[in-house]
Amino acid sequence: MSPQPRRDIFQAIADPTRRAIISLLVLQAMTPNALAENFSVSRQAISKHVRILDECGIIESRQQGREIYYQVPPEKLKSVADWIELFRQLWEQRYTQLDDLLLQLKNKTNANDNPSSDANC
């Protein structure tokens with residue numbers, strides 16, 4: 001397969017079939033025929049997706065006898081994970097801020113609903 005990625009990794013994950021192929025190949029190495037058995041499209045269509053994944057630099061291949069096995073080492077997806085992590089941190093921060101605001105509103109509502117006994121004197 002090609003040594004240099006020629007396409008962006010996000011092109012690889014843009015297609016649901018390629019995402020499914022990645023999911024399978026992260027778990028175990030598979031031959032093109034074994035991959036094609038998991039889909040209702042032709043082996044040629046799967047080969048096209050595999051070629052795109054290769055051009056994106058995601059998959060690795062190894063020859064074993066007469067068979068070629070493809071696999072996706074998890075570290076090949078690190079750039080996607082790093083990009084998503086930025087958004088995860090942003091959303092966690094926003095959810096924390098929302099939680100804090102809701103807690104403040106709840107405490108304020110509880111204080112208004114339950115006036116202290118000093119206010120009744």
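Let me start with Arg18, which is found in helix H2, residues 16-27. A word on the source before going on: this is a predicted model.

Arg18 is a charged residue, and in this model it is buried. What is the nearest side chain of opposite charge to Arg18? That side chain is Asp15, 4.4 Å away. A salt bridge here requires a side-chain nitrogen of Lys or Arg within 4 Å of a carboxyl oxygen of Asp or Glu, so a distance of 4.4 Å does not qualify. Arg18 therefore has no salt bridge, although it is buried.

Arg18 does have a polar partner. Its side chain makes a polar contact with the side chain of His49, at 3.2 Å. If we set aside neighbours within four places in sequence, Arg18 is in contact with Gln11, Ala12, His49, Ile52 and Leu53.

Now the view from the other side. His49 lies in helix H4, residues 43-55. Is His49 buried or exposed? Its relative accessible area is 14%, and the cut-off for buried is under 20%, so His49 counts as buried. The 3.2 Å polar contact thus joins the side chain of His49 in H4 to that of Arg18. Again leaving aside neighbours within four places in sequence, His49 is in contact with Asp15, Thr17, Arg18 and Ile21. Asp15 is a name we have met already, as the nearest side chain of opposite charge to Arg18.

While we are in helix H2, a brief stop at Ser23, which lies there too. Ser23 is partly exposed, with a relative accessible area of 46%. How far apart in space are Ser23 and Val72, C-alpha to C-alpha? They are 8.5 Å apart in space, and 49 residues apart in sequence.

Next, the salt bridges. As a general point, side chains of opposite charge can pair when their charged atoms come close. How many salt bridges does the structure hold? It holds four, and I will go through some of them.

One of them is formed by the side chains of Glu60 and Lys76, at 3.7 Å, N to O. This pair links distant parts of the chain, 16 residues apart: Glu60 is in strand E1, residues 60-64, and Lys76 is in the loop between strand E2, residues 67-71, and H5. Both ends are partly exposed: Glu60 has 32% relative accessibility, and Lys76 has 30%.

Staying with Lys76, what does it touch beyond its neighbours within four places in sequence? Its contacts are Ile9, Gly57, Ile58 and Glu60. Glu60 is the salt-bridge partner just mentioned.

From that loop we move to helix H5, residues 78-113. The C-alpha atoms of Lys76 and Arg88 are separated by 20 Å, and the two residues are 12 apart along the chain.

Arg88 takes part in a salt bridge with Glu85, at 2.3 Å, N to O. Why are these two separated by about one helical turn? They are three residues apart in helix H5, so about one turn lies between them. Glu85 is partly exposed at 26% relative accessibility, and Arg88 is partly exposed at 38%.

Arg88 also meets Glu92 in a salt bridge, at 2.2 Å, N to O. Glu92 and Arg88 are four residues apart in helix H5, so they too are separated by about one helical turn. Glu92 is partly exposed, at 42% relative accessibility. Salt bridges that share partners join Glu85, Arg88 and Glu92 into one network.

One further distance for Glu92. It is 48 residues from Gln44 in sequence, and the two are 42 Å apart in space, C-alpha to C-alpha. For Ser23 and Val72, recall, a sequence separation of 49 residues went with 8.5 Å.

Last, the surface. Which residues form a nonpolar patch there? They are Trp83, Ile84, Leu86, Phe87, Trp91, Tyr95, Leu98, Leu101, Leu102 and Leu105. Together they have about 1,000 Å² of accessible area. Leu101, one of the patch residues, has its place in helix H5. It is partly exposed, with a relative accessible area of 44%.

To go back over the main stops: Arg18 is buried without a salt bridge and makes a polar contact with His49. Glu60 and Lys76 pair across distant parts of the chain. Glu85, Arg88 and Glu92 form one salt-bridge network, and a nonpolar patch on the surface includes Leu101.

Conventions
Residues numbered from 1 in each chain as written. Predicted model: local features only at pLDDT ≥ 70, side-chain atom pairs only at ≥ 80, totals over all residues. Heavy atoms only, no water. Buried < 20%, exposed > 50% of the residue type's maximum accessible area, 1.4 Å probe, protein only. Polar contact = N/O pair within 3.5 Å; in protein donor to acceptor, adjacent residues only side chain to side chain. Contact = heavy atoms within 4.5 Å. Patch = residues over 30% accessible without salt bridge, like charges linked within 9 Å, V, L, I, M, F, W, Y side chains within 5 Å. Areas by Shrake-Rupley, 256 points an atom, 1.4 Å probe, with all protein chains shown as cover.
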